[in-house]
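Colleague: Could you walk me through the rings and pockets here? I'd like to follow your reasoning as we go.

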Amino acid sequence: MAEVRNEEKLMGGQVGSKADLRDTARGGIRTLFSAINAIYWRYAGLISIFVLAGFAAVMVGLWHFRPIYNWDTLAYLATTALDRMGGDAAQIHAYAYSTVRDAVPAADFAVLTQVDPYRIRQFVDPNAFLSMVGMYEVKWLYVLLLKGLVPIFGPLAAFDVINGGALVILVVSIGLWLRSTQLSGYAPLVIGLLFLLQFQGFAVTQQPDFLGNSLLVAALLGYDRKRNLLGSVLLVAAVLVRPDQVAVAGVVMACAWFLRDRNALVFAVTFAFCLAIYIVISRSLHPTGWWPHFWFSTYQIQEDMTGFEPAFSLAVYFKAIALNIYRSLFLNTWLAAYVLALGCGGYLYFREVLTDRRRQVLLLAMLLAIAAKFTIFPLHDGRIYFSPLFVFFLIVFAGSQDRTRSPA
């Protein structure tokens, strides 16, 4: 019996020893993370700067070492040559395709010209190619920048210069907002949010979406910081890059009026400017028109837009919406993020978490702007809804942190 008791005692000691070892390991890990946490928050502002700078460096590296060539590059180059070449389809076509052929690897050029019937037709038919340009020419400010930068930097480098400017706008606006909201330590999470919303999908291509989204994000974050003049100037610039952003300006104005923001007049004047810009661009350039463009981009691609004026059809309209909801579920993350945003918005409203009136305006406007954009022009691409979603989640996080800091 004594031997049995001694064996049990010995085994109990081993078990206790192992438990002690686990406790010691957990305590050591806890101490280590506590020290790291203290050091991190002591230098959070400096770390934020390095994180944002590192993000910018990564983006520049992606452009340089792994460029992605988009077919739209050809169309935007064509817009820069419209006036210079007198609208001659053959000359404009030759200029755009020869420029890209000389600048990109042969395999990439083959993808731009041979992958599907649409690209093949554009490559062999100058008139069909020129019929597409009206859908790109309306990005007025982007085209203007290209016209000014191409003679200085060269055709394709000009796109990178514009993307570089967009990157600066985005990084600086995020940095200023983080500092003003005392959230600088959360810069890594903000960068993670960018990629969750598929920012990289449009940031590495030769399209106006990077610049347009950067300007819109900067405008909305400027409004959140109560920099109304800055926000309005940036919002007008965003509309000049993408006229469809007038929908955001209109929804923000309506929400400011509805929620009695004391600066509602500022939003009304801004919307008036944006609407005037939209009207001037749509009448003075060569736009395709809403319904033909809708048909082409959301329902069925046309190889030649010359004389393409289909009658409006509710059946086509609802088919396009259904088709792009399906595409959004399988190809993008924005729809899932939007459902999450709706849930967050409902929680904040019913729990009365957000007391700042401006933030109430912006959160409601972001949710409605996404719905309005998809209803008017149901594209599945996340680049269309990136800015409202990104700003929505930033403001939700800032509001929740303000609540945490406030005394009970």
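Colleague: Which residues do ring pairs link into a cluster?

Modeller: Happy to help, and keep in mind that this is a predicted model. The structure holds 38 aromatic pairs. Ring pairs join one set into a cluster: Trp71, Tyr76, Tyr97, Phe109, Tyr118, Phe123, Phe129, Tyr136, Tyr142, Phe159 and Phe296.

Colleague: Thanks! Is Thr73 buried or exposed?

Modeller: Thr73 is found in helix α3, residues 72-81. Leaving out residues up to four places away in sequence, Thr73 touches Val100, Leu156, Phe159 and Gln206. Its relative accessible area is 3%, and buried means under 20%, so Thr73 is buried.

Colleague: What kind of pair do the rings of Phe195 and Phe199 form?

Modeller: Phe195 is partly exposed, at 31% relative accessible area, whereas Phe199 is buried, at 0%. Their ring centres are 6.1 Å apart and their planes stand at 90°. Planes over 60 degrees apart count as edge-to-face, so the pair of Phe195 and Phe199 is edge-to-face.

Colleague: And how far apart, centre to centre, are Phe392 and Phe393?

Modeller: Both Phe392 and Phe393 are buried. They form an edge-to-face pair with 90° between the planes, and the centre-to-centre distance is 5.5 Å.

Colleague: Lovely. Which elements give two or more residues to the lining of the second largest pocket?

Modeller: That pocket holds about 350 Å³ of space. Of its 13 lining residues, the closest to the centre are Gly345, Leu348, Tyr349, Gln360 and Leu364. The elements giving two or more residues to the lining are α19 (334-351) and α20 (357-376).

Notes. Residues numbered from 1 in each chain as written. Predicted model: local features only at pLDDT ≥ 70, side-chain atom pairs only at ≥ 80, totals over all residues. Heavy atoms only, no water. Helix = DSSP H or I, 4+ residues; strand = E, 2+ residues; numbered from the N terminus. Buried < 20%, exposed > 50% of the residue type's maximum accessible area, 1.4 Å probe, protein only. Contact = heavy atoms within 4.5 Å. 1 Å grid on protein atoms, 1.4 Å probe; cavity = no way out; pocket = protein on both sides within 12 Å on 5 of 7 lines; lining within 4 Å. Points joined across faces, edges and corners; volume = space filled by probe spheres on them. Phe/Tyr/Trp six-rings, centres within 6.5 Å; stacked < 30°, edge-to-face > 60°.
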